Amino acid sequence: MVVGDFALELDTVVIGAGPGGYVAAIRAAQMGQKVAIIEREYIGGVCLNVGCIPSKALIAAGHHYQEALHSQMFGVTADNVTLDFAQTQDWKDNGVVNKLTSGISFLLKKNKVEVIEGEAFFVDDRTLRVIKEDSAQTYEFNNAIIATGSRPIEIPGFKFAGRVLDSTGGLNLKEVPKKLVIIGGGVIGAELGGAYANLGAEVTILEGSPQILPTYEKDMVKIVEEDFAKKAVTIVTKAMAKEAIDNGDSVTVNYEVDGKQESITADYVMVTVGRRPNTDDMGLEQAGVTIGERGLIPVDKQGRTNVSNIYAIGDIVPGAALAHKASYEAKVAAEAISGKKVEVDYKAMPAVAFTDPELASVGLTIAEAKDQGIEAKAIKFPFAGNGRALSLGKTEGFVRLVTTIEDHVIVGAQVAGVGASDIISELALAIESGMNAEDIALTIHPHPSLGEIVMDAAELALGLPIHA
Ligand SMILES: Cc1cc2nc3c(=O)[nH]c(=O)nc-3n(C[C@H](O)[C@H](O)[C@H](O)COP(=O)(O)OP(=O)(O)OC[C@H]3O[C@@H](n4cnc5c(N)ncnc54)[C@H](O)[C@@H]3O)c2cc1C
């Protein structure tokens, strides 16, 4: 502390206002704690500002554009369909992102959470220094929840500048590129590749592994690949990106496939090969907090680090980097600080890829179930057998239930198809509640709805299918 600098006292302090941090702050306040949240850049974090939400806005815009162009099957044709991308970006920023983030600011205020602008650094396990552009302040705290999130990984030869973009640059383009190269066909790359393809770009995805979307099963990914093949999306797997050369008005990407040197020239290259946790450069070692493999902070089942009054949640702790995981861990940590006997249980943690069609999974795959020694079977019901899917003109995909053989308990589920991101919630609830296929089959599902596919799959698992 600088001479003359008096430390201000805080009870619970949250660092980072993403879906981990702001949820932790609100829940801690609801539990009666006096809470402050420190944020250096934007309320809402990556997710609301440059992640989940703006990407879904661009994906939605791409769908509207494609529907305007290709609805002849429904007897609908439109002439002179145009895309005003400046308007799309304005709607994304002002119609969606700003509305949501100001909503979060309102909620923090309503819950009497003090918002402190600036970058936080640990001085020790009870003291933080918060630096602003032109000032600094020291705070002493009783408990801290670190929720500082992650940032895109830069790879050698692809320095983020000019025509070499990270996902944030990719979300904020001023025009739809004629040609776009994406390095990394994981969820973020595939989602944004699909969005720009729908908006009219010719997209090439260079992926190092043998398959894009490597966290999803082959039969699910195949449906997305088929959709990409219908659009102007080329997928090159087992491709090692070497370097990007900025030509001023274009960028050339050199890469290697099976020992052969290749190159492709495009308007932009976007690198989405993964994200690095923001755990460096914030004095964690001064607080005595252990940083583990890949910069992630090991925590116990309540989110507590090795330092008993400091918790960590979200992208900076092991597990999938997902917004809803961050928010879930946030509530557990905030309640644990308040003395509640809570702990995390990830068995019903869903994951979604907002591709065409959407892919979603929760719980175990059949392979994972067998690896764990569970006697399980997998049952698949197609979207093509569902009236609602047919009337939407979206019949690609399936719902798969993974159940125990003996008593049909749902241990996992995968959905590939329109609305998968919503359908998966019913299956997450089923797993969370220990339901079996009979519980789902006996639940009355509205007709006609995509939810009926889950009921049909459950009946199939019981050997009593009506629609198969
Ligand atoms: C393009 C894209 C699309 C995505 N889509 C989805 C999706 O559809 N669904 C999904 O579940 N997830 C999605 N994600 C992942 C999701 O955004 C993250 O998992 C989520 O934001 C993690 O939340 P968090 O609270 O841990 O961190 P963040 O959201 O990263 O928030 C951390 C905050 O901490 C602040 N901060 C960092 N260091 C300091 C410091 N020292 N002092 C003060 N403040 C600090 C940062 O400014 C930031 O605001 C997407 C990510 C990207 C990039």
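Student: How far is an oxygen atom of the ligand from an N or O atom in the side chain of aspartate 315?

Tutor: Happy to start there, with the reminder that this is a predicted model. A pair of N or O atoms counts as a polar contact within 3.5 Å. The pair formed by a ligand oxygen and a side-chain N or O atom of aspartate 315 falls under that limit, at 2.8 Å.

Student: Which residue, cysteine 47 or aspartate 315, meets an oxygen atom of the ligand through a backbone N or O atom?

Tutor: Aspartate 315 uses a side-chain atom, so we can set it aside, given that the contact cut-off looks at N and O atoms within 3.5 Å. A backbone N or O atom lies 3.3 Å from a ligand oxygen in the case of cysteine 47.

Student: How much of the ligand's accessible area does the protein cover?

Tutor: Leucine 322 also has a backbone N or O atom 3.3 Å from an oxygen of the ligand. On its own, the ligand has 1,000 Å² of accessible area, and the share of this covered by the protein is 95%.

Student: Which element gives the most residues to the shell around the ligand?

Tutor: Good one! Elements that supply at least two shell residues each include β2 (35-39), α3 (52-69) and α9 (323-337). The top contribution is four residues, and it comes from α2.

Student: How many residues of the shell around the ligand are charged?

Tutor: There are 38 residues around the ligand, and Glu39, Lys56 and Asp315 are among those that come nearest. By class, the shell has 17 nonpolar and 14 polar residues, and the charged ones number seven.

Student: Now for the empty space: how much lies in the largest cavity?

Tutor: Two cavities of 30 Å³ or more are counted. Val299, Lys301, Glu329 and Tyr346 are among the residues lining the largest, and six of its lining residues are nonpolar. The space inside is about 50 Å³.

Student: Which element supplies the largest share of the lining of that largest cavity?

Tutor: Helix α9 also supplies at least two residues of the shell around the ligand. In the lining of the largest cavity, the largest share is three residues, from α9.

Student: And which element gives the most to the lining of the second largest cavity?

Tutor: This cavity holds about 40 Å³ of space, with Ile59, His63 and Phe354 among its lining residues. Both α3 and α6 (187-198) supply at least two residues of the lining. With five residues, the one that gives the most is α6.

Note on methods. Residues numbered from 1 in each chain as written. Predicted model: local features only at pLDDT ≥ 70, side-chain atom pairs only at ≥ 80, totals over all residues. Heavy atoms only, no water. Near = heavy atom within 4 Å. Polar contact = N/O pair within 3.5 Å; in protein donor to acceptor, adjacent residues only side chain to side chain. Areas by Shrake-Rupley, 256 points an atom, 1.4 Å probe, with all protein chains shown as cover. Nonpolar A, V, L, I, M, F, W, Y, C, P; charged D, E, K, R; others polar. 1 Å grid on protein atoms, 1.4 Å probe; cavity = no way out; pocket = protein on both sides within 12 Å on 5 of 7 lines; lining within 4 Å. Points joined across faces, edges and corners; volume = space filled by probe spheres on them.
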